[in-house]
Amino acid sequence: MRTMRAESTFTKGVAMARAFVVRSQAMKIPNRPAQDVEAEVARLREAVKTVSEELAELAQRDAVFAAHQEIVEDEALMRETADIIRETKRCAEFALDKVIASYAEIFDAMDDAYMQARGADIRDVGRRLQLAMQGVRDDRFEGMEDHVIV
């Protein structure tokens, strides 16, 4: 058995379980003009629906995903992203990246370590939405069994 140190956690305390390692690759965020602004908003809505359904399935295994689902379904996230699409006439990925970054910065600036760690949750939700808009399913958690440390 190997000992690992966790820099941020969802809950406080001590836990012992098998580790489930999640690897993420850097994403390139498109910054292209929107040919049809409302079509971009529709793409965003479809991604929100898709990711919400994926997270609902994962939430049955771990409460972290239920929290992520709440973030995805937040009306302010949708509204602010749609506003940026309409104002800048840029693609949905670009607008979402701006909103996710601004939300994550708010959490990063907080004094409380627990709240700072929520910035990572915001970024993870943004990553899932970005992948969904590109037609890619986020399968990093496939094969995760009950009672693991992520």
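Start by selecting α3 and α4: Ala76, Leu77, Glu80, Thr81, Ile84, Ile85 and Thr88 in α3 meet Ala92, Phe94, Ala95, Leu96, Lys98, Val99, Ile100 and Tyr103 in α4. "Meet" here is about contact, which means heavy atoms within 4.5 Å. By class, this contact has 11 nonpolar, 2 polar and 2 charged residues. For those classes, Ala, Val, Leu, Ile, Met, Phe, Trp, Tyr, Cys and Pro count as nonpolar, Asp, Glu, Lys and Arg as charged, and the others, Gly among them, as polar.

A word about what you have open: this is a predicted model, where local features need pLDDT of at least 70 and side-chain atom pairs count only at pLDDT 80 or more, while totals for chains, interfaces and linings use all residues. Residues are numbered from 1 along each chain as its sequence is written, and side-chain values use heavy atoms, with hydrogens and water left out.

**Stop 1: the whole chain**

Zoom out and colour by secondary structure. The protein chain has 5 helices and 2 strands; these are DSSP runs numbered from the N terminus, with helices being H or I of at least four residues and strands E of at least two. Follow the chain from the N terminus and the elements run β-α-α-α-α-α-β. Of the 150 residues in the protein chain, 37% are buried. Buried means under 20% relative accessible area, exposed means over 50%, and partly exposed is in between (1.4 Å probe, protein chains only). Among contacts in the protein chain between residues at least 6 apart in sequence, 68% join residues at least 24 apart.

**Stop 2: α3 beside α4**

Go back to your first pair. How far apart are the axes of α3 and α4, and at what angle do they pack? The axes are 8 Å apart and the angle is about 130°. Axes are lines fitted to C-alpha atoms, for helices over the stretch in contact, and angles run from 0 to 180 degrees between N-to-C directions. That angle makes α3 oblique to α4. On this scale, angles under 35 degrees count as roughly parallel, over 145 as roughly antiparallel, 65 to 115 as roughly perpendicular and the rest as oblique.

Now select α3 alone. Its buried residues are Ala76, Leu77, Met78, Thr81, Ala82 and Ile85. Show α1, α2 (63–72), α4 and α5 as well, since they are among what covers the buried residues of α3.

Next, click on Lys89 in the loop between α3 and α4. Lys89 has a positive phi of about 55°, although it is not a glycine.

**Stop 3: along α4**

Select residues 92–108, which make up helix α4. At 1.5 Å a residue, the 17 residues of α4 should span 24 Å, and the end C-alpha atoms are 24 Å apart, which agrees. The expected span is 1.5 Å times one less than the number of residues.

Which residues of α4 are buried? They are Ala92, Glu93, Phe94, Ala95, Leu96, Val99, Ile100, Tyr103, Ala104 and Phe107. Turn on α1 (37–59), α3 (75–88) and α5 (113–133), which are included in what covers them.

Is Lys98 in α4 buried, exposed or partly exposed? Lys98 is partly exposed, with a relative accessible area of 42%. Draw a distance from its C-alpha atom to that of Gly126: the two residues are 28 apart along the chain, and the separation is 10.0 Å.

**Stop 4: α1 across α5**

Hide α3 and α4, then show α1 and α5. Their axes come within 9 Å and cross at roughly 120°, so α1 and α5 are oblique to each other. The contact of α1 with α5 has 9 nonpolar, no polar and 3 charged residues. Highlight Arg43, Leu44, Ala47, Val48, Val51, Glu54, Leu55 and Leu58 in α1, which meet Arg128, Leu129, Ala132 and Met133 in α5.

**Stop 5: Asp121 and α2**

Stay on α5 and select Asp121. Asp121 is buried, with a relative accessible area of 13%. Leaving aside neighbours within four places in sequence, Asp121 is in contact with His68 and Ile71.

Hop over to His68, in helix α2. His68 counts as buried at 4% relative accessibility. Beyond neighbours within four places in sequence, His68 is in contact with Leu55, Asp121, Asp124 and Val125.

Finish on Val64, also found in helix α2. Val64 counts as buried at 18% relative accessibility. The C-alpha atoms of Val64 and Asp121 are separated by 8.7 Å, with the two residues 57 apart along the chain.
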